[in-house]
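Subject: Structure for your review

Dear colleague,

Please find below the structure that I am handing over to you. My notes on what was found in it follow directly after it.

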4 protein chains.
Amino acid sequence: METSTANLPQRPPAADPGQDNVARLVLKGTDQSGIVAATTDELARFGANIVSLDQHTSDPAGGRFFQRTVFTLPNLSAVIEDLRGALGTRLANFGLEWELIEARKQKRVAVFVSKSDHCLLDLLWRQRRGELPVNITMVVSNHPDLSEDVRAFGIPYFYIPADRSRRTEAEARELELVQGNVDLIVLARYMQIITEDFIEQAGVPIINIHHSFLPAFIGAGPYRKAKERGVKLIGATAHYVTKDLDEGPIITQDVINVSHRESVTDLQRRGADVERRVLSTAVEAHCEDRVIRDGNVTIVF
Amino acid sequence: METSTANLPQRPPAADPGQDNVARLVLKGTDQSGIVAATTDELARFGANIVSLDQHTSDPAGGRFFQRTVFTLPNLSAVIEDLRGALGTRLANFGLEWELIEARKQKRVAVFVSKSDHCLLDLLWRQRRGELPVNITMVVSNHPDLSEDVRAFGIPYFYIPADRSRRTEAEARELELVQGNVDLIVLARYMQIITEDFIEQAGVPIINIHHSFLPAFIGAGPYRKAKERGVKLIGATAHYVTKDLDEGPIITQDVINVSHRESVTDLQRRGADVERRVLSTAVEAHCEDRVIRDGNVTIVF
Amino acid sequence: METSTANLPQRPPAADPGQDNVARLVLKGTDQSGIVAATTDELARFGANIVSLDQHTSDPAGGRFFQRTVFTLPNLSAVIEDLRGALGTRLANFGLEWELIEARKQKRVAVFVSKSDHCLLDLLWRQRRGELPVNITMVVSNHPDLSEDVRAFGIPYFYIPADRSRRTEAEARELELVQGNVDLIVLARYMQIITEDFIEQAGVPIINIHHSFLPAFIGAGPYRKAKERGVKLIGATAHYVTKDLDEGPIITQDVINVSHRESVTDLQRRGADVERRVLSTAVEAHCEDRVIRDGNVTIVF
Amino acid sequence: METSTANLPQRPPAADPGQDNVARLVLKGTDQSGIVAATTDELARFGANIVSLDQHTSDPAGGRFFQRTVFTLPNLSAVIEDLRGALGTRLANFGLEWELIEARKQKRVAVFVSKSDHCLLDLLWRQRRGELPVNITMVVSNHPDLSEDVRAFGIPYFYIPADRSRRTEAEARELELVQGNVDLIVLARYMQIITEDFIEQAGVPIINIHHSFLPAFIGAGPYRKAKERGVKLIGATAHYVTKDLDEGPIITQDVINVSHRESVTDLQRRGADVERRVLSTAVEAHCEDRVIRDGNVTIVF
């Protein structure tokens, strides 16, 4: 079918042109004296101007070190490889993991969904408004229901039926689509198990939205469980997917007040608002390289 | 020692004189047509004026019925027994549980504490300021630490050492103190197990503050567990105590944002603010007869 | 152009079939004894079952009285006129204003917008999902930009250029569209002055979303003003439109934390999330007849 | 009378012994390349280990620069003057304002109050718990009411009657008390005008708690105004005092939901909770040197 995006009124471009000379340097490792000085000195030597710098040490005595620095540098693209090399030499003795990322290179994202549209639409719409610095390149679903909505945004929709009986086959097709093509997979209420094998072969981070305030109500049916337990708040949790169900590092959480008045259906409806907000916030933080994983927890600058 | 309350500057009386002719009628039972009409008609016959009425039905088809009505009635004390009798006759066929309470009769409360002062002091401050409609008549503790603070409010402090080895003896002494003397027991960070036997013999509701967002982090050490899990919100839960640890009906819950920056000690400090707010809110709601228990959940009007 | 709604996957109907026998009775007037009894007795006589009842008195001594009652009644449509008559007789002496509304008759809504899509889309999404009990029958805009988005929902879009120089003409065309056709007008970031004449002739409530926490930052440019003042929270306010700009009765307000990090553009983006949440909440409350206006304030049950 | 603090059970010391070798370096000025590098390099040369670093630039092109760095340095007291000198030399060409502060040297604070105890007690109690890194050395009041409470904490209470007719005399006495003796004045619901002359002569920052969400409801009676306007949230604002009433730089703000149910008295009671939370948070941030003033706004790291 024809999509209608050609007729869409002009919107601001998703990539802020002001991002052209902006880069982010993210480091983590064992805390030791001199890391901030070494990195910022090297940046200054290249003529960079630091826009923001966040640094955290988990414990002043032998803890873990985390740093995120955003800077502008004229002609960034031309000199970034030189800078990368110089930082490599300068940081060699600290034994850190680090990454230097150009802000203009948005992360390519595949969104996986089932039938619920609220998280998906929020991501697509924020991208279109130019307020989510991502490039959603495909949507994958085990149901055909949301194809029309997605294609109206000019984004390909791949329908891959999936259930227990054909998981291997479905995941193989999904891997074909995503491998080499995306930097992040977002499970936007995708109601299928993700195997350990898929996580490993996908080779990119996977963010999931769980419809409860983890670790409360792990597993299926959290709103029903919440109603039965009579809680006065319900929440949602965005986390990285690991092989342990609902146990991966948490990125963002939020809650809203509820009372005896809400039925399970009401909880689902009201909870959907929290889910979309939490997921969009987590995806934005990840795509701005503000999330650093450290074992099973995250540092979010 | 002598307490110094005699010298304390005058504060507004805890009981609002405007409460003299105010009463609350609370009903629960099986939903059926005509309950609201019967009760409000009877109130109107006596010349009562309804100030607020909240009614909830869990399910229009055969659900549970809950109603709380606040009204003013001239010469309340003189006619309340007549009203009680008339309501008894009028409501006889509905098979409800119901209670008629004079607002001026504040509930007598025993607060149980260990060493942490934050929840206790918040309750004492609020009572003294006249903003918590309760009458805290005693504080019981398994430690002597907070006696000075409590006695400065002119309230008796009973130090009853308690641990695993002398639980029976301690609970016996506690029961002597509370039986017949209090309408509510508040566990304001009382770090001792409460036995099923004590709950039964105390014969009054017991409210506990748990230092987590239940059902997450049930049991001991919730802030340490929260740090290890890397949650982005911590919370507190006020609930009625039942024989099942941390499983009783929830009255109030609240949370605050936290990040990687907080140590376990920081979480305890910041969590203490949530604990005292949640507990004071729950005690206030209970003492204004706004909480109705229904199995393991609550209706809070 | 052709809209594509015919191809849209099936979604749950907006009207919950369970609403067929549900009605709402809303009353306001001078407080006096016996109103609740009279109404609930009349409902009981007709065999109605009350699902929820909220009642509020602004002051026990000569204050204002407000009541909202939701009930089920078998064969509601058949007997509602009889019930209306009976209530009229029964309530005649109380001098109240009151309304009896069938829940299944959703309010017809016209949404007015300019170029910003966030509030509009949130309303359209929620209606389509069946979680907003309204019937959005038209969108009116002084810009053509959002026509594509709106028509994808199968809803007519009327482009009526409007500015200071042709306000009278524009309002005349708008009145032709809405008079008799809608029960509510929602200004979802409609950046044109609404004249007192229009308000009067439209003859239906008008809800506006103001992009600040009123009464802070009345008038234009609230986010810029907020940045200059250095506030740590920004908010949004949904209110009924009266002839006094930004002074009408407030229905809903909410805020979010901000810091020195946000630019004015960031405030606008983050504020948009609050605006859409606040407006959708206010529209839902209004359309469920939970908002009662009383002078320049509202009671929201 | 004798105060009873001598009998108080032992509590953890207010100064965390772990703070002995901790210092904070705070800088502000015109943004330019190399500042972070210069400061962190100098710190590294002295063997300091950075615990946290926050940096903010208001605009990458010619904006304002702000940096706060916390570090540990063995034998801090012995070398801090050398470090101060070295930083002075190193930073000379950047034209910055900067300060180097030892964490163990807590700020000396005078709290000014009238009759309301909620903000005062919260500050005193947090200091006693060791969770507020301040040294409250005196309380000044225009009423005698709270003397007993304050002296129970072992802190001097100075009663200085003040009103329009004797402002000059009262302020003169207040200045005698505070000049040279305190680093900060906190107005914890002090209901007297502070003159421009006093602000200037006191020579230290003054933090005030305003009982509304500024800039809404500037001036007297904010809760009454809030009730009349029918707002759905009420708030509090902690700000530095300048000669312009209620217009000084905002440090912290927070709000809570309210409804038609709350009377003006209820708003005052519920608002008091927000006031104490907001003021304690602001005082803590100020005393940890996390607040940087920039014209009429603040950067809060």
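Which residue takes a positive phi just after H8(B)? That residue is B:Asp289, whose phi is about 55 degrees. Please bear in mind from the outset that this is a predicted model.

**Helix H8 and the residue that follows**

Helix H8 of chain B covers residues 264-287, which makes 24 residues. At 1.5 Å a residue, a helix of this number of residues should span 34 Å. The C-alpha atoms at its ends are 34 Å apart, so the expected span and the value in the model agree. The helix nevertheless has a kink of about 25 degrees, and this kink is centred on B:Gly271.

Chain C also has a positive phi to note, at C:Asp289, where the angle is near 55 degrees although the residue is not a glycine. C:Asp289 sits in the loop that joins H8 to strand E12 (291-294) of chain C.

**Cis peptide bonds**

Two peptide bonds deserve your attention. In chain C, the bond from C:Leu214 to C:Pro215 is cis, and its omega is near 5 degrees. C:Pro215 belongs to the loop between strand E9 (206-210) and helix H7 (222-229) of chain C. In chain D, the bond from D:Leu214 to D:Pro215 is likewise cis, with omega near 5 degrees. D:Pro215 is placed in the loop between strand E9 (206-210) and H7 of chain D.

**The interface of chain D and chain C**

How many residues does each chain bring to this contact? Chain D gives 32 residues and chain C gives 31 residues. About 2,500 Å² is buried between the two chains, and carbon and sulfur atoms give 59% of that area. On the side of chain D, the residues that lose the most area to chain C are D:Arg229, D:Lys232 and D:His260, which together account for 28% of what that side buries.

Two salt bridges are counted between chain D and chain C. In one pairing, D:Glu247 forms a salt bridge with C:Arg229, and the closest N and O atoms are 3.7 Å apart. There are also 12 residue pairs in polar contact between these chains, with both residues at pLDDT 80 or more.

The elements of chain D that give two or more residues to this side are strand E2 (49-57), helix H7 (222-229), strand E11 (250-257) and strand E13 (297-300). E11(D) provides the largest share, six residues. By class, the side of chain D that touches chain C consists of 15 nonpolar, eight polar and nine charged residues.

**The interface of chain C and chain A**

Here the contact takes 26 residues from chain C and 25 residues from chain A. The buried area is about 2,200 Å², and carbon and sulfur atoms give 37% of it.

How many salt bridges are there between chain C and chain A? The count is 11 salt bridges. A:Asp117 forms a salt bridge with C:Arg128, in which the closest N and O atoms are 3.4 Å apart. Across this interface there are 13 residue pairs in polar contact, both residues being at pLDDT 80 or more.

On the side of chain C that touches chain A, the elements giving two or more residues are helix H3 (118-128), helix H4 (147-151) and helix H8 (264-287) of chain C. The largest share of that side, six residues, comes from H3(C). The residues of that side divide into six nonpolar, four polar and 16 charged.

**Salt bridges in the whole structure**

A search over all chains finds 106 salt bridges. In chain A, the side chains of A:Asp183 and A:Arg108 meet in a salt bridge at 2.9 Å, N to O. This pair links distant parts of the chain, since the two residues are 75 residues apart. A:Asp183 is in the loop between helix H5 (167-178) and strand E8 (184-187) of chain A, whereas A:Arg108 is in strand E5 (residues 107-113) of chain A.

With kind regards,
A colleague

Note on methods. Residues numbered from 1 in each chain as written. Chains lettered and ligands numbered in written order. Predicted model: local features only at pLDDT ≥ 70, side-chain atom pairs only at ≥ 80, totals over all residues. Heavy atoms only, no water. Helix = DSSP H or I, 4+ residues; strand = E, 2+ residues; numbered from the N terminus. Expected span 1.5 Å × (residues − 1). Bend = angle between axes of the 7 residues up to and from the residue. Contact = heavy atoms within 4.5 Å. Buried area = accessible area lost by both parts, 1.4 Å probe. Salt bridge = Lys/Arg side-chain N within 4 Å of Asp/Glu carboxyl O. Polar contact = N/O pair within 3.5 Å; in protein donor to acceptor, adjacent residues only side chain to side chain. Nonpolar A, V, L, I, M, F, W, Y, C, P; charged D, E, K, R; others polar.
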